[in-house]
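I set out to record how the helices of this protein are arranged and which residues lie between them. The entries follow the order in which I looked things up.

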Amino acid sequence: MKLISRLNKIAAWALIPLFMLFIISGLDSVSRQFIPILSSLWHIKYLFIPTMIAFLIHSSYVIYTRVVKKAKHKMLAKLILPFYLLLNLLIIVWFVMAIY
């Protein structure tokens with residue numbers, strides 16, 4: 001559990017710059033202030049997957065600690081986390097197949 005907690009902390013700290021760059025590049029690709037081609041490339045091709053993976057690690061840890069451990073209905077709670085992980089992994093795979 002200590003390794004998973006440490007991985008969660010790393011993912012949470014990695015989310016800060018990744019999410020800020022993701023927002024800035026997304027706003028720049030819409031408003032076209034700086035270099036819209038470069039910001040669109042960074043937003044779609046390079047920032048989405050690391051941001052999504054860091055968010056997936058961080059949010060799944062929070063879902064596990066808050067929902068699964070403290071739930072009254074253990075069977076339903078144990079189904080939430082695998083469904084959430086599967087849905088997010090399908091989104092990542094779909095995005096990778098669409099882009100590359």
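**Entry 1: burial cut-off.** I first fixed the term I would need: a residue counts as buried when its relative accessible area is under 20%, and as exposed when that area is over 50%. Leu81 has 14% relative accessibility, so I entered Leu81 as buried. I also noted that the model is a predicted one.

**Entry 2: Leu81.** I located Leu81 in helix H4. Setting aside residues up to four places away in sequence, I found that Leu81 touches Ser60, Ile63, Tyr64 and Val68. I then looked along the chain from Leu81 to Val93, 12 residues apart, and read a C-alpha separation of 18 Å.

**Entry 3: overall fold.** I counted 4 helices and 0 strands in the protein. In sequence order I wrote the pattern as α-α-α-α. For the extent of the C-alpha trace along its principal axes, I noted about 50 × 25 × 20 Å. The radius of gyration came out at 16 Å, whereas a compact globule of 100 residues would have one near 13 Å. I recorded 31% of the 100 residues as buried. Turning to contacts with a separation of 6 or more, I found that 66% of them join residues 24 or more positions apart.

**Entry 4: H3 and H4.** At what angle do the axes of H3 and H4 cross? I read roughly 175°, with the axes coming within 10 Å. H4 covers residues 74-99. Angles over 145 degrees count as roughly antiparallel, and I therefore entered H3 and H4 as roughly antiparallel to each other. I sorted the residues of this contact by class and obtained 20 nonpolar, 3 polar and 2 charged.

**Entry 5: H1 and H3.** I next took helix H1, residues 2-31, with helix H3, residues 48-68. Their axes come within 8 Å and cross at roughly 140°. That angle makes H1 oblique to H3. I noted the crossing of H1 past H3 as left-handed. From H1, I listed Ile4, Ser5, Leu7, Asn8, Ala11, Ala12, Leu15, Leu18, Phe19 and Phe22 as the residues that meet H3. The residues that H3 brings to the contact are Phe48, Pro50, Thr51, Ala54, Phe55, Ile57, His58 and Tyr61. By class, I recorded 14 nonpolar and 4 polar residues in the contact of H1 with H3, and no charged ones.

**Entry 6: Asn8.** I picked Asn8 from the H1 side, since I wished to know its surroundings. Is Asn8 buried or exposed? I found Asn8 buried, at a relative accessible area of 9%. Asn8 has its place in helix H1. Residues up to four places away in sequence not being counted, Asn8 touches Ile57, His58 and Tyr61. Those three residues are listed on the H3 side of the contact of H1 with H3.

**Entry 7: Phe48.** From the H3 side I took Phe48, which lies in helix H3. Its relative accessible area is 18%, and I entered Phe48 as buried. Which residues is Phe48 in contact with, leaving aside its neighbours within four places in sequence? I found Phe22, His43 and Phe95. I also looked from Phe48 to Leu85, 37 residues apart along the chain, and read 17 Å between their C-alpha atoms.

**Entry 8: H1 and H2.** I then turned to H1 with helix H2, residues 36-46. The axes come within 8 Å and cross at roughly 135°. That makes H1 oblique to H2, and I noted the crossing as left-handed. On the H1 side the contact is made by Phe22, Ser25, Gly26, Asp28 and Ser29, and on the H2 side by Pro36, Ser39, Ser40 and His43. Sorted by class, I obtained 2 nonpolar, 6 polar and 1 charged residues in the contact of H1 with H2.

**Entry 9: Ser29.** I closed with Ser29, which has its place in helix H1. At 16% relative accessibility, Ser29 counts as buried. With its neighbours within four places in sequence left aside, Ser29 is in contact with Pro36, Ser39 and Ser40. Between the C-alpha atoms of Ser29 and Leu41, 12 residues apart along the chain, I read a separation of 8.9 Å.

Key
Residues numbered from 1 in each chain as written. Predicted model: local features only at pLDDT ≥ 70, side-chain atom pairs only at ≥ 80, totals over all residues. Heavy atoms only, no water. Axes fitted to C-alpha atoms, helices over the stretch in contact; angles between N-to-C directions. Helix = DSSP H or I, 4+ residues; strand = E, 2+ residues; numbered from the N terminus. Parallel < 35°, antiparallel > 145°, perpendicular 65-115°, else oblique. Left-handed = near helix turned anticlockwise from the far one by under 90°. Contact = heavy atoms within 4.5 Å. Nonpolar A, V, L, I, M, F, W, Y, C, P; charged D, E, K, R; others polar. Rg over C-alpha atoms; globule rule 2.2 N^0.38 Å. Buried < 20%, exposed > 50% of the residue type's maximum accessible area, 1.4 Å probe, protein only.
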